[in-house]
Amino acid sequence: MKKDRENMTLEISHLTGGYSSIPVIKDVNLTIASGEAIGLIGLNGAGKSTTIKHLLGLLRPQAGKITLNGINLAEKPAEFKKLVAYIPETPVIYPELTLKEHLELTILAYQLDTDKAWEKAKELLTMFRLADKLDWLPVHFSKGMQQKVMIVAAFLTDAQLLVIDEPFTGLDPLAVANFIGLIKEAQESGKEILMTTHVLADAQKAIKTYAILNQGTIEFTGSLDEIRDHYGLEASDSFDKLYQLLYQEQKNA
Ligand SMILES: Nc1ncnc2c1ncn2[C@@H]1O[C@H](COP(=O)(O)OP(=O)(O)OP(=O)(O)O)[C@@H](O)[C@H]1O
């Protein structure tokens, strides 16, 4: 398939949804173009994971639509999902499968060319210091090592959209640096990235644009400097102050 960067866009438009008739996210609009990475930030309970669940097709919207490269998730879920790789906050590990078998599952699920995929897997496994553990059971790995398995599997897929939920907790600084390098590479190769995080110090090494989700609504989108201006933060203020302001808004709502 010819890659035309102009058509490679994630569009979330007027998305309203949640777990019951009372919506958790309301009229969310977000566009991520090819080569763009957006950080989704907000207080606990703001609706970040709920937005991600909609994006992965795990929840059905009450209103609105999600398209990727023009493919509507509601109309062509299988086609849409093949273009998406997901790194969950809590690693999903199958207790009876080895590391090698976990990666084989990914290769099968995304119908990857086996030789090319293993070439890529070896690079990623070496980067994350897991190359000698292919026959181990990841269920016995540490939290950080399990997180690395998720990262290796996601970057193996070559998916167009990377959805990443709070990746930094549990990763050591070497792994964080490698992960940030992969995010930058993914952007350079024209992928779209949506990452939720509370760890702006690490995120800002790779991500320049942030969407602020407050009580289920995207309140502002921009660079960290634009966010400072919008919320009246001083250059000397830490971003903790932003969260305090969001909390005040929530209390006053
Ligand atoms: N499975 C569920 N069933 C019902 N309500 C849920 C469920 N999961 C989350 N919620 C509710 O949806 C709201 C948003 O939760 P969500 O997990 O999307 O927040 P978040 O922004 O990801 O928070 P965090 O920063 O803690 O990860 C919260 O009020 C939460 O209680």
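**Notes on a predicted model: a helix, its sheet and the ligand**

1. Let's start with one helix. Helix α1, residues 48–55, lies across strands β1, β2 and β4, and runs at about 65 degrees to β2. As you read on, please keep in mind that this is a predicted model.

2. Is α1 enclosed or open to its surroundings? Six of its eight residues are buried, so the helix is largely enclosed by the rest of the structure. The buried ones are K48, T50, T51, I52, H54 and L55. A helix has 3.6 residues a turn, so residues three or four places apart point the same way. Just after α1 comes G57, which has a positive phi, near 75 degrees.

3. Now look at the sheet that holds β1, β2 and β4. Four strands form an open sheet in the order β2-β1-β4-β5, and their pairing is antiparallel. Which strands stand at the edges? They are β2 (25–33) and β5 (71–72); each has a single partner strand, so one side of each is left without a neighbour in the sheet.

4. Within this sheet, β1 (residues 9–17) and β4 (residues 63–68) run antiparallel and are joined by five bridges. One pair you can pick out is I12 with its bridge partner I66 in β4. If bridges are new to you, remember that strands of a sheet pair through backbone hydrogen bonds, either parallel or antiparallel.

5. Both kinds of pairing can be found around strand β9. With β10 (residues 217–222), β9 (residues 209–214) pairs in the antiparallel sense over five bridges. With β3 (residues 37–41), β9 runs parallel, joined by four bridges. I212 is a good residue to click on: its bridge partner in β10 is F220, and I41 stands opposite I212 in β9.

6. Follow β9 to its end and you reach a hairpin. N214 has T217 as its bridge partner in β10. Two residues lie between the strands of this hairpin, and Q215 takes a positive phi near 50 degrees.

7. Which residues surround the ligand? They are Y19, V24, G42, N44, G45, A46, G47, K48, S49 and T50. By type, this shell divides into three nonpolar, six polar and one charged. Notice that K48 and T50 have appeared before, among the buried residues of α1.

8. E192 deserves a look of its own. This residue is found in strand β8, residues 192–196. Is E192 buried or exposed? With 26 other C-beta atoms within 10 Å, E192 is buried; the cut-off for that label is 20 or more.

9. E192 also shows how folding brings distant parts of a sequence together. E192 and L10 are 182 residues apart in sequence, yet 7.3 Å apart in space, C-alpha to C-alpha. Leaving aside neighbours within four places in sequence, the contacts of E192 are L10, I32, S34, E36, Q160 and L161.

10. Finally, step back to the whole chain. Its secondary structure comes to nine helices and ten strands. Buried residues make up 33% of its 253 residues. Of the contacts with a separation of 6 or more, 69% involve residues 24 or more positions apart.

11. What is the overall size? Along the principal axes, the C-alpha atoms fill a box of roughly 55 × 45 × 35 Å. A compact globule of 253 residues would have a radius of gyration near 18 Å, and the chain has 18 Å, which agrees.

Key
Residues numbered from 1 in each chain as written. Predicted model: local features only at pLDDT ≥ 70, side-chain atom pairs only at ≥ 80, totals over all residues. Near = placed C-beta within 6 Å. Nonpolar A, V, L, I, M, F, W, Y, C, P; charged D, E, K, R; others polar. Rg over C-alpha atoms; globule rule 2.2 N^0.38 Å. Buried ≥ 20, exposed ≤ 12 C-beta atoms within 10 Å, placed from the backbone. Contact = placed C-beta atoms within 7 Å. Pairing = 2+ DSSP bridges. Axes fitted to C-alpha atoms, helices over the stretch in contact; angles between N-to-C directions.
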